[in-house]
Structure formats: structure tokens, C-alpha cells
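Colleague: I am new to this structure and would love a close look at one part of it. Could you start with the nonpolar patch on the surface and then lead me inward from there?

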Amino acid sequence: REGETVLYLEQPTPDPVGGEVLAHPVTGSILIEQLRRVDRLPYLIFLSTCESSKPEAEQRLGGLAQRLVRELGIPAVIGMTERVTITTADALAVEFYRRLLAQTEVGEVDRALVQAYAGLATRPDVNVPALYSRLGAQPLFSPALDRQLTPAEIRIGLRELDKLLVERAPVLRARLTESVQKLE
């Protein structure tokens, strides 16, 4: 009614009366407010929900995909401009992520999306995804470091590794200590 996207999210616990797991409506505004509290937001969001980037919504609050980019600064959001079947949304997501990770120049979201829906061209609802991005010509991520790590970054990483070894593999701490001494 208000022109805002509403997501129906599964409740974490079953309904006490009927014992069923029910869907709970969450508006785009509430979702955005909850995401504002997250320390590290994702770089990419794939909304497999109908009309999550509907063009007409931009005249009001904006579709959810547009708002996630504009209001939270998410680098890339894929949303659906129209209704989409679950079968198509699932197939599109699988193909999109497969192509995104298989790229030589890793992280070209726009190229992966075009390749994904080109491979599903026979589906009647495949042309509904839209990409909203702040990336420009930059890739979403890169496997290569663009600079050498600083000594401070190395110390922080080794400290974090030691914490993990205490918790998960204490028998390896002695080997880590030897390696740190050689590194220093």
C-alpha cells in the first residue's frame, strides 16, 4: 500500500498455538534500520524476491535494492524488477555465483549477471534482475593484494591466528611460535 517492499522472513521459532513456522512481514525500512547496526555489511546482496527493485518504487521510497545501495552504501545489489518464480530465482542465483567465482578477473558482478541470465534465456521471467552498483569499473573483490602487508598488519594477523589456535588447535601453537621467531 505504501509502495514499500515487504519481505516475509521465516520466524526462528514455531508459532506457539499451531506449531507451524510462520512468515513475518518486514518492511524495507525496518530491514535497513536493522542492517545499520551490523558492523561489517556485505559487499554483495542478491535479493531473490519479487519486485525488490521495481522501477516504479523509485518514485516513492525506492525499491529495496536501490535503497540498500543508496542508504547503506552496499557496493552491489541485485534485485528483481517484476515477479519471478522460485525456480528461475534459484537457477539465476546458482548460475550467477558460479560465473562470478569462475571469472579470470574475479568480481565482475555485471558480467556474471549477464552471463547467468543469458544461459537461462528460455525462461519467461529471466529478464527481471537488475543490478544497482557503486562499483563503476572496479571488481567486487580481487584475490591479489595491491600492496605489501605492513609489519603491524602481520603482527595483528599472527595474534589473531594464535587466538584461534588456542581455541581450535592448541597442539599447533609451538609450531606457530617457531615460525613467528623466524619471521621476526
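Modeller: Happily! In this predicted model, Leu149, Ile154 and Leu183 make a nonpolar surface patch of about 270 Å². Isoleucine 154 sits in helix α5, which covers residues 151-168. Its relative accessibility is 32%, so isoleucine 154 counts as partly exposed.

Let us stay with helix α5 for a moment, since charged side chains are found there too. Lysine 163 and glutamate 160 both belong to α5 and are 3 residues apart, about one turn of the helix. Their side chains meet in a salt bridge, at 3.2 Å from N to O. Glutamate 160 has a relative accessible area of 40% and is therefore partly exposed. Another salt bridge links aspartate 162 with arginine 173, where the closest N and O atoms are 2.8 Å apart. Because arginine 173 lies in helix α6 (residues 173-183) and aspartate 162 in helix α5, this pair ties together parts that are 11 residues apart in sequence. Both partners are partly exposed: arginine 173 has a relative accessible area of 34%, and aspartate 162 one of 23%. Elsewhere, Glu33, Arg36, Arg67, Arg70 and Glu71 are joined into one network by salt bridges that share partners.

Now for the inside. In soluble globular proteins, nonpolar side chains tend to be buried together. Here the largest nonpolar core has 20 residues, and Leu44, Phe46, Leu92, Phe96 and Val109 touch the most other members. Two or more residues each come from β3 (44-46), β4 (76-80), α3 (86-102) and α4 (109-118). The most come from α3, which gives 5 residues. Leucine 44 shows how such contacts spread: leaving aside residues up to four places away in sequence, leucine 44 touches Ile74, Ala76, Phe96, Tyr97, Leu100, Val109 and Leu140. There is also a second, separate core of 14 residues, with Leu35, Ile45, Ala65 and Val77 among them.

Strand β4 is a good place to finish. In β4, 5 of the 5 residues are buried, so this strand is largely enclosed by the rest of the structure. Ala76, Ile78 and Met80 are buried on one side, Val77 and Gly79 on the other, and thus both faces are covered. β4 runs parallel to β3, with 3 bridges joining them; one of the pairings puts phenylalanine 46 opposite isoleucine 78 as its bridge partner. With strand β5 (residues 129-133), β4 runs antiparallel and shares 5 bridges, and there glycine 79 has alanine 130 as its bridge partner.

Note on methods. Residues numbered from 1 in each chain as written. Predicted model: local features only at pLDDT ≥ 70, side-chain atom pairs only at ≥ 80, totals over all residues. Heavy atoms only, no water. Patch = residues over 30% accessible without salt bridge, like charges linked within 9 Å, V, L, I, M, F, W, Y side chains within 5 Å. Areas by Shrake-Rupley, 256 points an atom, 1.4 Å probe, with all protein chains shown as cover. Salt bridge = Lys/Arg side-chain N within 4 Å of Asp/Glu carboxyl O. Helix = DSSP H or I, 4+ residues; strand = E, 2+ residues; numbered from the N terminus. Buried < 20%, exposed > 50% of the residue type's maximum accessible area, 1.4 Å probe, protein only. Core = buried A, V, L, I, M, F, W, Y, C linked by side-chain atoms within 4.5 Å. Contact = heavy atoms within 4.5 Å. Pairing = 2+ DSSP bridges.
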